[in-house]
Amino acid sequence: MANAESINATHDNVVNSLFAAGLQERILLPSDPDYSLRNESYYSNRSKLKPACILRPQSADDVARAIKSLAAGEHKFAVRSGGCNFWPSNNIDGGVTIDLGLLDTIEYHEEQDTVSIGPGARWGQVYEYLQRYDRTVGGGRETSVGVGGLVLGGGNNLFSGRYGLTCDQVVEFEVVLASGDIVIAKEGGDHRDLLVALRGGGSNFGVVTKITMQAIPCGSVWGGGRVFSTDVITEVASSLVEITSNIAQQKSDL
């Protein structure tokens, strides 16, 4: 982990501000081996930039302290969950990258039939966890994709025909605002407008630290492909139109 003596003089203001906020144990500097590991783990080479430091918060409170400190010093920062965007919106040169990868907890709430997910989790982790409850969520079609980016970006999923985009299935966000306040955005709450904005609106409204989604009953999942000859293309097309037009009434999803 970082220590005060190893701070690069070029970036000492932004890093010192995080030290002053008591976050020194959460900081990776360019001299730390894990800094390179995290930077190389981005999906796109375009996102492998050179932040002054990488902050790895372990709680919403860590994020709140960081935001207050960075806002007070007018420092630039980027936010990362899974690091799967193909454009460099989740990393930054010379600023602070807030890496939410350690906020990866998953918890199923049986009474509400909902699941709370940290933005740093991967969809494969979510599906594996929910299997024991015969539940799933309409998340990423690739298991390695991060939760936060897909939700805030909209999210096509294997249940879209019945339940809509991934963001449509969110019932509650825990969000750190630019002021450093931690709020809950949900229907019927004081921040319902924020709930609507974050459903596909990206990360510019705050840093999301927890996402609660409606669970979907799901047992076995079947998949595969079929190849048809051209002489039955008319019948196949008609069947596809019929299935997709009545997907909401089907007992299974395609």
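# Exercises on a predicted model

The model has an open sheet of four strands, arranged S1-S2-S4-S3 with mixed pairing. Keep in mind that this is a predicted model. Let's work through it piece by piece.

**Exercise 1. Work out which strands stand at the edges of the sheet.**

Solution. Start from the order, S1-S2-S4-S3. S1 and strand S3 (77–80) stand at the edges, and each has a single partner strand, so one side of each has no neighbour in the sheet. Now look at how S3 is held: S3 and S4 pair in the parallel sense over four bridges. For a concrete example, take Phe77, whose bridge partner in S4 is Val96. Last, see what lies on the sheet: H3 packs there and touches S2, S3 and S4, and its direction makes about 165 degrees with that of S4. As background, strands of a sheet pair through backbone hydrogen bonds, either parallel or antiparallel.

**Exercise 2. Find the buried residues of helix H1 and say what they pack against.**

Solution. Go to helix H1, residues 12–20, and pick out Val14, Val15, Ser17, Leu18 and Phe19, which are buried. Next, check their surroundings: the buried residues of H1 pack against strand S1 (27–28), S2, helix H3 (60–72) and strand S4 (96–99). Then step past the end of the helix, where H1 is followed by Gly22, with a positive phi near 80 degrees.

**Exercise 3. Trace the salt bridges of Asp99 and decide whether Asp99 is buried or exposed.**

Solution. First, a reminder: side chains of opposite charge can pair when their charged atoms come close. Begin with Arg38, whose side chain meets that of Asp99 in a salt bridge (2.7 Å, N to O). This pair links distant parts of the chain, with Asp99 in strand S4 and Arg38 in helix H2, 61 residues apart. Then turn to Arg56: Asp99 forms a salt bridge with Arg56 too, with the closest N and O atoms 3.5 Å apart. Asp99 lies in strand S4 and Arg56 in the loop between S2 and H3, so this pair ties together parts that are 43 residues apart in sequence.

Now for burial, where the cut-off is under 20% relative accessible area. Asp99 has 1%, so Asp99 is buried. Arg56, at 18%, is buried as well. Arg38 is also buried.

**Exercise 4. Describe the salt bridge between Arg135 and Asp113, and classify how accessible each residue is.**

Solution. The side chains of Arg135 and Asp113 meet at 2.9 Å, N to O. To place them, note that Arg135 is in strand S7 (residues 135–136), while Asp113 is in the loop between strand S5 (106–109) and strand S6 (114–117), 22 residues apart. With 21% relative accessibility, Arg135 counts as partly exposed, whereas Asp113, at 16%, counts as buried.

To widen the view, the structure holds nine salt bridges. Arg26, Asp61, Asp62 and Arg65 are linked in a network of salt bridges.

**Exercise 5. Locate Tyr43 and say which surface patch Tyr43 helps to make.**

Solution. Look in the loop between helix H2 (33–40) and strand S2 (53–55), where you'll find Tyr43. Check the accessibility next: exposed means over 50%, and Tyr43 has 62%, so Tyr43 counts as exposed. Finally, add the partners: together with Phe86 and Trp87, Tyr43 makes a nonpolar surface patch of about 410 Å².

How values were computed: Residues are numbered from 1 along each chain as its sequence is written. This is a predicted model: local features need pLDDT of at least 70, side-chain atom pairs count only at pLDDT 80 or more; totals for chains, interfaces and linings use all residues. Side-chain values use heavy atoms; hydrogens and water are left out. Patches are made of residues with over 30% relative accessible area and no salt bridge: like charges are joined within 9 Å, nonpolar side chains (Val, Leu, Ile, Met, Phe, Trp, Tyr) within 5 Å. Accessible areas come from the Shrake-Rupley method with a 1.4 Å probe; for residues, only the protein chains shown count as cover. A salt bridge is a side-chain nitrogen of Lys or Arg within 4 Å of a carboxyl oxygen of Asp or Glu. Helices (H or I, at least four residues) and strands (E, at least two) are DSSP runs, numbered from the N terminus. Buried means under 20% relative accessible area, exposed over 50%, partly exposed in between (1.4 Å probe, protein chains only). Contact means heavy atoms within 4.5 Å. Two strands pair if DSSP finds at least two bridges between them. Axes are lines fitted to C-alpha atoms, for helices over the stretch in contact, and angles run from 0 to 180 degrees between N-to-C directions.
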